[in-house]
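Here are a few exercises to help you find your way around a protein chain. Have a look at the sequence and the structure, then work through the steps.

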Amino acid sequence: MKDDLGKENPKWKFVAGQWTRRSSGGRQVLAQVAETQPWAVAILEDQKFDDVDATVRFRPISGKEDASGGVIVRAKDGRNYLLVRANALENNFRLYTIVNGKRSTIASARVTEPKLGEWHRIRVVAKGPKIQAYLDDSLLLDHDDKTFTGGWVGLWTKADSVTEFLDVIAE
């Protein structure tokens, strides 16, 4: 499954936030542009995956409280999923469970902050209980978790993040 995010797709469910398609650098992107407390969530209700290899390109544009981009996997709905996120304001890359809307950190790595205004790539590979997460093609998280065994993929930001997304690929 591939969605370039540049055109309307009725299978996207925008759970929270203000998601808009706009031109950026000569391409159409999907951007989350409004402050959303606590976070903005978009779920692609196209194909459910148990084991999944999901990748997205993201560009953090701005944010004072947060400037993040994230990939959701194994989403049951907009309040229950696994999340891998990077934040241009913090030197960490994290894997979370979101259960009934409550976020818990289950793995974290120290990183150089992704630069504002530059494109970065997050890849999440979930096979059985093993969850591996990459930032810009570097494997940084390798963790076992059985909280969720299957579901949708999606996108995520937090608080006042303005973030652009391109090229969601899940297989």
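**Exercise 1.** Work out whether the overall size of the chain agrees with that of a compact globule.

*Solution.* Start with the length: the chain has 171 residues, and for that number a compact globule would have a radius of gyration near 16 Å. Next, take the value for this chain, 14 Å, which agrees. Keep in mind that you're looking at a predicted model. For another view of the size, put a box along the principal axes: the C-alpha atoms fill roughly 40 × 35 × 30 Å.

**Exercise 2.** Find out how many helices and strands the chain has, and how much of it is buried.

*Solution.* Count the elements first: you get 15 strands and zero helices. Then turn to burial, where 53% of the 171 residues make the cut. Now check the contacts with a separation of 6 or more: 65% of them come from residues 24 or more positions apart. Finally, look at the outside, where the chain exposes about 7600 Å², with 44% of that supplied by carbon and sulfur atoms.

**Exercise 3.** Decide whether strand β6 is largely enclosed, and name the strands it pairs with.

*Solution.* Go through residues 52-62, which make up β6: eight of the eleven are buried, so the strand is largely enclosed by the rest of the structure. Now look for partners. One is β11 (residues 120-127), antiparallel to β6 over seven bridges. Along this pairing, alanine 54 sits opposite valine 124, and arginine 57 has arginine 121 as its bridge partner. Another is β15 (residues 162-170), also joined to β6 by seven bridges and running antiparallel. Here serine 62 is matched with valine 162.

**Exercise 4.** Follow β11 onward and describe its hairpin with β12.

*Solution.* β12 covers residues 130-135, and six bridges link it to β11 in the antiparallel sense. For one matched pair, take valine 125, which faces glutamine 132. Then look at the turn: two residues lie between the strands, and glycine 128 has a positive phi near 60°.

**Exercise 5.** Is lysine 7 buried or exposed, and where does it lie?

*Solution.* Locate it first: lysine 7 is in the loop between β1 (2-3) and β2 (12-16). Its relative accessibility is 53%, and because the cut-off for exposed is over 50%, lysine 7 counts as exposed. As a last step, try arginine 21, 14 residues away along the chain: its C-alpha atom and that of lysine 7 are separated by 7.4 Å.

Terms used
Residues numbered from 1 in each chain as written. Predicted model: local features only at pLDDT ≥ 70, side-chain atom pairs only at ≥ 80, totals over all residues. Heavy atoms only, no water. Helix = DSSP H or I, 4+ residues; strand = E, 2+ residues; numbered from the N terminus. Buried < 20%, exposed > 50% of the residue type's maximum accessible area, 1.4 Å probe, protein only. Pairing = 2+ DSSP bridges. Rg over C-alpha atoms; globule rule 2.2 N^0.38 Å. Contact = heavy atoms within 4.5 Å. Areas by Shrake-Rupley, 256 points an atom, 1.4 Å probe, with all protein chains shown as cover.
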